[in-house]
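This report describes selected structural features of a single model for a bench biochemist. Please consult the sequence and the structure shown below while reading.

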Amino acid sequence: MPFISLNTEVGPLTIFADDEAIVAVDWGWPPETDEPPGPLLERARDQLEAYFAGTLTAFDLPLAPHGTAFQRKVWASIAGIPFGKVRTYGDLARELETGPRALGTACGRNPIPIIIPCHRVLGTNGSLGGYSGMDGIDTKRALLKLEGVSLP
């Protein structure tokens with residue numbers, strides 16, 4: 001599967017594409033390959049670099065996250081949270097007519113973090129909840145700070 005990697009403020013990221021859509025963003029560096037990344041992956045890298053530079057607030061990339069129908073529904077809802085804004089697990093769960101834990105589980109399985117901004121989902125009391133990124137809650141806090149979100 002083609003990929004491209006970049007170094008960011010929250011650690012190294014590797015973006016994977018399949019059939020002309022982004023399918024995953026993982027923390028870390030994959031093994032070297034001779035396969036060129038292609039224009040979509042280069043565009044994704046450029047957009048992530050612009051996001052971390054503070055000049056991009058909305059990603060414009062084709063996404064194809066692999067997951068269940070429920071997970072894709074949750075991820076689509078999360079993708080609608082604007083830059084610099086947050087929602088709670090409870091609010092999203094009510095909107096999607098599910099439980100907060102089921103929503104949190106789907107959020108934790110998001111294969112395209114940052115671009116599908118699961119870091120923008122907080123606990124009802126303003127707690128950060130969890131985060132599957134490289135350094136967990138510290139990474140979530142860093143992403144929210146980058147977006148100008150004030151945390152309690």
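## Phe59 and the largest pocket

Phe59 is placed in the loop between H1 and H2; helices (H or I, at least four residues) and strands (E, at least two) are DSSP runs, numbered from the N terminus. The model is a predicted one, in which local features need pLDDT of at least 70 and side-chain atom pairs count only at pLDDT 80 or more, while totals for chains, interfaces and linings use all residues. Residues are numbered from 1 along each chain as its sequence is written, and side-chain values use heavy atoms, with hydrogens and water left out.

Between the C-alpha atoms of Phe59 and Leu48, which lie 11 residues apart along the chain, the separation is 8.2 Å. Apart from neighbours within four places in sequence, Phe59 makes contact (heavy atoms within 4.5 Å) with Gln47, Leu48, Tyr51, Ile114 and Ile115.

The largest pocket holds about 160 Å³ of space. Its lining comprises 14 residues, of which Ala58, Phe59, Ala79, Ile115 and Arg120 are the closest to the centre. On a 1 Å grid over the protein atoms alone, a pocket is an open set of points where a 1.4 Å probe fits, with protein on both sides within 12 Å along at least five of seven lines, and lining residues have an atom within 4 Å of a point. The volume is the space filled by probe spheres set on the points. By residue class, the lining contains 11 nonpolar, 1 polar and 2 charged residues.

## The nonpolar core

The largest nonpolar core has 36 residues, and Ile15, Ile22, Ile78 and Ile114 touch the most other members. Such a core is a set of buried Ala, Val, Leu, Ile, Met, Phe, Trp, Tyr and Cys residues joined through side-chain atoms within 4.5 Å. Two or more residues come from each of strand E1 (3-8), strand E2 (11-18), strand E3 (21-27), helix H1 (39-53), H2, H3 and H4. The greatest contribution is that of H1, with 6 residues. Ile78 touches Leu92, Cys107, Ile116, Pro117, Cys118 and Val121, when residues up to four places away in sequence are not counted.

## Helices H2 and H3

In H2, the buried residues (under 20% relative accessible area, 1.4 Å probe, protein chains only) include Ile78, together with Gln71, Val74, Trp75 and Ser77. These residues cover an arc of only 160° around the axis, which puts them on the same side of H2; the arc is that of the directions from the helix axis to the C-beta atoms. Ala69 and Ala76, on the other side of H2, are exposed, a term for over 50% relative accessible area. H3, H4 and E5 are among the elements that cover the buried residues of H2.

Helix H3 (residues 89-96) buries Tyr89, Gly90, Leu92, Ala93 and Leu96. Viewed down the axis of H3, they fall within an arc of 165°, so they line one face of the helix. Their packing partners are helix H2 (69-79), strand E4 (87-88), helix H4 (100-108), strand E5 (121-122) and helix H5 (137-146).

## Positive phi angles in two loops

Glu97, just after H3, and Ile114 each have a positive phi although neither is a glycine.

| Residue | Loop | Phi | Relative accessible area |
|---|---|---|---|
| Glu97 | between H3 and H4 | about 55° | 76%, exposed |
| Ile114 | between H4 and E5 | about 75° | 0%, buried |

Note on methods
Ala, Val, Leu, Ile, Met, Phe, Trp, Tyr, Cys and Pro count as nonpolar, Asp, Glu, Lys and Arg as charged, and the others, Gly among them, as polar.
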